[in-house]
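Please open the model in the viewer and keep the sequence panel visible. The tour begins with the whole chain and then moves to individual side chains.

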Amino acid sequence: MSEIKIKRETGFVGIIGKFPIFINGQKVGALKNGEEAVFLIAANEAEVRAGSAPMKTKPVTVKAGQTLLIETNFTNFSICLGVLLLGLFFGGLVRVILLLLAMALMFLLPFYSARIEE
């Protein structure tokens with residue numbers, strides 16, 4: 001059996017909760033903020049995804065011996081927060097539209113990204 005390491009960087013977004021880790025579609029554990037863990041895989045590579053909606057990463061193929069780094073995507077978080085705060089300055093229908101847009105962006109823009117650590 002081979003192994004891969006998954007490391008979750010510290011960050012403000014999602015600081016309280018644990019992120020579930022999915023390897024080849026199966027939940028294998030969860031990571032707290034700043035935590036790292038080693039997981040066994042049956043083949044030489046595996047498809048890994050971390051988190052759950054709206055804070056989840058896109059699936060990444062990780063080869064045996066590699067480390068997957070999970071980081072906060074501040075650009076997407078800032079866009080969503082900006083639209084939400086902009087809604088506070090308006091009233092009526094514009095506020096409703098901006099709040100609905102912010103909720104949609106929460107599910108469309110990934111707040112976290114995953115990459116192979118160099």
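Begin with the contacts of the chain: among those with a separation of 6 or more, 64% are made by residues 24 or more positions apart. Please bear in mind throughout that this is a predicted model.

**The whole chain**

Show the chain as a cartoon and colour it by secondary structure. Two helices and nine strands should appear. Traced from the N terminus, the order of the elements is β-β-β-β-β-β-β-β-α-α-β. Reduced to its C-alpha trace, the chain spans about 60 × 25 × 25 Å along its principal axes.

Next, switch on the surface. The accessible surface amounts to about 7100 Å², and carbon and sulfur atoms contribute 62% of it. Of the 118 residues in the chain, 34% are buried. If the charged side chains are now coloured by sign, there are 12 positive and 9 negative charges, and the mean positions of the two sets lie 10 Å apart.

**The aromatic pair**

Hide the surface and select Phe19 and Tyr112. How many aromatic pairs does a search of the whole structure find? The search finds one. A pair of this kind is described by the distance of the ring centres and the angle of the planes. For Phe19 and Tyr112 the centres are 4.5 Å apart and the planes meet at 70°; because planes over 60 degrees apart count as edge-to-face, the pair is assigned to that class.

Follow the backbone outward from each ring. Phe19 belongs to strand β2 (residues 19–23) and Tyr112 to strand β9 (residues 112–116), so that the pair links parts of the chain 93 residues apart. Are these two residues, Phe19 and Tyr112, buried or exposed? Both are buried.

**Charges over rings**

Keep Phe19 selected and add Arg8. The charged end of Arg8 sits over the ring of Phe19, at 4.1 Å from the ring centre. Then select Phe22 together with Arg49: here Arg49 lies over the face of the Phe22 ring, 4.3 Å from its centre.

**Thr67 and its contacts**

Finally, select Thr67, which is found in strand β8 (residues 67–72). Its relative accessible area is 14%, and because buried means under 20%, Thr67 is classed as buried. Which residues does Thr67 touch, leaving aside those up to four places away in sequence? Display Lys5, Lys7, Arg115, Ile116 and Glu117 as sticks to see these contacts of Thr67. One of these residues, Ile116, falls within strand β9 (residues 112–116), the strand that also holds Tyr112.

Key: Residues numbered from 1 in each chain as written. Predicted model: local features only at pLDDT ≥ 70, side-chain atom pairs only at ≥ 80, totals over all residues. Heavy atoms only, no water. Helix = DSSP H or I, 4+ residues; strand = E, 2+ residues; numbered from the N terminus. Buried < 20%, exposed > 50% of the residue type's maximum accessible area, 1.4 Å probe, protein only. Contact = heavy atoms within 4.5 Å. Areas by Shrake-Rupley, 256 points an atom, 1.4 Å probe, with all protein chains shown as cover. Lys, Arg positive; Asp, Glu negative; His and termini not counted. Charge placed at Lys NZ, Arg CZ, Asp CG, Glu CD. Phe/Tyr/Trp six-rings, centres within 6.5 Å; stacked < 30°, edge-to-face > 60°. Lys NZ or Arg CZ within 6 Å of the ring centre and 35° of its normal.
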